[in-house]
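Got the viewer open? Take a seat and let's walk through this one together, one selection at a time.

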Amino acid sequence: MDFNGFDRPDRPAQAGSLPAGSRSVKVMIAGGFGTGKTTMVRSVSDIKPLTTEETLTRASVDVDHLVGVAEKNETTVSLDFGRIGLNEELVLYLFGTPGQERFWFLWNGLFKGALGAVVLVDTRRLASSFRAIEEMERQDVPFVIALNVFPDSREHPVEEIRDALDIPDHIPVVACDARDRTSSRDVLIALIRHLKERSAPALEAAR
């Protein structure tokens, strides 16, 4: 995959049909329950995103743990889908995973063919994203950590969060606001940069 020029703002991709010669990449947006996955897909997608959110009911009270997200009234039950063109040559297809444990069985199918992933983390509830990080490592999917800043989030140094999540130094950890298109786009650019850096040694060894 050639990522040259992927982050050049002077060559925006069009929101319509894919330009001739463009490359498409499947990217996962993962994380725990209520970390902002659907919000990120909605904010950054060039097209109207496909979402599968359903209203939370009293029946799910003992199933979906709402500690820290008591105001949440909808939840993804299958996947979210969106698309963003980073330039005329590179288009990302975004697949948001469901965060609740009862829907984790869907993850294996969703991750097939994914080149990389963003793991969204709510710093108020770090444990909610442990499972997503473990899944990235199990399936050997390159990923970056995106710290979604909520209005009542306490400010923590990035390295403190890295240590708490036991994230190796080579994996990028960045702060973001999943509601903001530019901020979400910057996270995706960080992921593509990470993928490019990972692929460089392999390409060099193949020469």
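Here is a tour that starts with the whole chain and then moves through its sheet, its helices and a few single residues.

**Stop 1: the whole chain**

Before you click on anything, keep in mind that this is a predicted model. Colour it by secondary structure and you'll find 5 helices and 8 strands in the protein chain. Follow the chain along its sequence and the pattern reads β-α-β-β-β-β-α-β-α-β-α-β-α.

Now switch on a surface. The protein chain exposes about 10,800 Å², and carbon and sulfur atoms supply 51% of that. Of the 207 residues, 46% are buried. How much of the contact network joins residues at least 24 apart? Among contacts between residues at least 6 apart in sequence, the share is 76%.

**Stop 2: the sheet**

Next, hide everything but the strands. Six of them, in the order β4-β5-β1-β6-β7-β8, form an open sheet with mixed pairing. Look at the two edges: β4 (80–85) and β8 (173–176) each have a single partner strand, so one side of each has no neighbour in the sheet. Tilt the view and look for the twist: neighbouring strands are turned by 25° against each other on average, direction ignored.

As a bit of background, strands of a sheet pair through backbone hydrogen bonds, either parallel or antiparallel.

Select residues 23–31 and 90–96 together. These are β1 and β5, which pair in the parallel sense over 7 bridges. Zoom in on Val25 and you'll see Leu92 of β5 standing opposite.

Now bring back residues 37–44, which make up helix α1. This helix packs on the sheet, touching β1, β4, β5, β6 (116–122) and β8. The direction of α1 makes about 35° with that of β4.

**Stop 3: strand β7**

Select 143–148 to pick out β7. Are the residues of this strand mostly buried or exposed? Buried: 6 of its 6 residues are. Show the side chains and check where they point. Phe143, Ile145 and Leu147 go one way, while Val144, Ala146 and Asn148 go the other.

Strand β7 has a parallel partner in β6, joined to it by 6 bridges. Click on Ala117 and look across to Phe143 in β7, which stands opposite. Strand β7 also pairs with β8 in the parallel sense, over 4 bridges. In that pairing, Ile145 has Val173 of β8 as its bridge partner.

**Stop 4: two crossovers**

Add helix α3 (130–138) to your view. Together, β6, α3 and β7 make a right-handed β-α-β unit. Then add α4 (158–165). With this helix, β7 and β8 make a right-handed β-α-β unit too.

Which residues of α3 are buried? They are Ala132, Ile133, Glu135 and Met136. These residues cover an arc of only 160° around the axis, which puts them on the same side of α3.

Do likewise with α4, where the buried residues are Ile161, Arg162 and Leu165. Their arc is only 105° around the axis, so they sit on the same side of α4. Turn that side towards you: the buried residues of α4 pack against β6, α3, β7 and β8.

It helps to know that an α-helix has 3.6 residues a turn, so residues three or four places apart point the same way.

**Stop 5: two loop residues with a positive phi**

Most residues other than glycine have a negative phi. With that in mind, select Asp140, in the loop between α3 and β7. Asp140 isn't a glycine, yet its phi is positive, about 55°. Its relative accessibility is 60%, and because exposed means over 50%, Asp140 counts as exposed.

Move on to Asp166, in the loop between α4 and β8. Just after α4, this residue takes a positive phi of about 60°. Asp166 is exposed, with a relative accessible area of 64%.

**Stop 6: the last helix**

Finally, select residues 181–206, which form helix α5, and find Arg198 there. At 42% relative accessibility, Arg198 counts as partly exposed. Now draw a distance from its C-alpha to that of Pro142. How far apart are the two in sequence and in space? Arg198 and Pro142 are 56 residues apart in sequence and 8.5 Å apart in space, C-alpha to C-alpha.

Terms used: Residues numbered from 1 in each chain as written. Predicted model: local features only at pLDDT ≥ 70, side-chain atom pairs only at ≥ 80, totals over all residues. Heavy atoms only, no water. Buried < 20%, exposed > 50% of the residue type's maximum accessible area, 1.4 Å probe, protein only. Contact = heavy atoms within 4.5 Å. Areas by Shrake-Rupley, 256 points an atom, 1.4 Å probe, with all protein chains shown as cover. Pairing = 2+ DSSP bridges. Axes fitted to C-alpha atoms, helices over the stretch in contact; angles between N-to-C directions. Right-handed = clockwise from strand over helix to strand, strands pointing away. Arc of directions from axis to C-beta.
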